[in-house]
Amino acid sequence: MAALLELENINTYYGHIHALKSVNLTVEQGEIVTLVGSNGAGKSTSLRTISGLRVPSKALSGWKAKTSLR
Ligand SMILES: Nc1ncnc2c1ncn2[C@@H]1O[C@H](COP(=O)(O)OP(=O)(O)OP(=O)(O)O)[C@@H](O)[C@H]1O
Ligand SMILES: [Mg+2]
């Protein structure tokens, strides 16, 4: 079965600040996933990117973001 959420090589910027660097994440149905990290690690930016509030850079190759949250 296809993953509910799939991020592949995601890079997100705030201007020149490279906040997310090649993030990969897959969430399968039934899984519970938590993001853990220090201040500024990119947890909020990851959630903003997943929700569409921030758009990942398409300038880098291999960009892929799929969501099918239910
Ligand atoms: N609005 C913004 N403008 C510029 N840089 C930002 C902005 N928001 C976050 N950043 C930078 O992006 C990087 C990731 O920040 P983010 O807020 O996603 O981290 P976080 O893991 O949620 O941190 P915290 O635990 O403090 O909530 C950091 O280097 C941060 O300084
Ligand atoms: Mg945060």
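Which elements are included in what covers the buried residues of helix 1? The tour below works towards the answer through a predicted model.

Begin with ligand 1 and select the residues around it: Tyr14, Ile17, Ala19, Gly37, Asn39, Gly40, Ala41, Gly42, Lys43, Ser44 and Thr45. Two elements, strand 2 (17-27) and helix 1 (43-51), each give two or more residues to this shell. Helix 1 supplies the largest share, three residues. Sorted by class, the shell around ligand 1 holds four nonpolar, six polar and one charged residues.

Next, select strand 1 (residues 5-14) together with strand 2. The two strands run antiparallel and are joined by seven bridges. To inspect one pairing, display glutamate 6, whose bridge partner in strand 2 is threonine 26. Then move to the turn: strand 1 and strand 2 form a hairpin with two residues between them, and glycine 15 in that turn has a positive phi of about 65°.

Now turn to helix 1 and select Thr45, Ser46 and Thr49, which are buried. These residues lie on the same side of helix 1 because they cover an arc of only 105° around the axis. Select Leu47 and Ser51 for the other side of helix 1, where both are exposed. Continuing past the end of the helix, display glycine 52, which follows helix 1 and has a positive phi, near 95°.

Finally, show helix 1 with the hairpin strands to settle the opening question. The cover over the buried residues of helix 1 includes strand 1 and strand 2. Strand 2 thus appears at two stops, as it also gives residues to the shell around ligand 1.

Key. Residues are numbered from 1 along each chain as its sequence is written. Chains are lettered from A and ligands numbered from 1 in the order in which they are written. This is a predicted model: local features need pLDDT of at least 70, side-chain atom pairs count only at pLDDT 80 or more; totals for chains, interfaces and linings use all residues. A residue is near a molecule or strand if its C-beta atom, placed from the backbone, lies within 6 Å of it. Helices (H or I, at least four residues) and strands (E, at least two) are DSSP runs, numbered from the N terminus. Ala, Val, Leu, Ile, Met, Phe, Trp, Tyr, Cys and Pro count as nonpolar, Asp, Glu, Lys and Arg as charged, and the others, Gly among them, as polar. Two strands pair if DSSP finds at least two bridges between them. A residue is buried if 20 or more other C-beta atoms lie within 10 Å of its own, exposed if 12 or fewer, and partly exposed in between; C-beta atoms are placed from the backbone. The arc is that of the directions from the helix axis to the C-beta atoms. Two residues are in contact if their C-beta atoms, placed from the backbone, lie within 7 Å.
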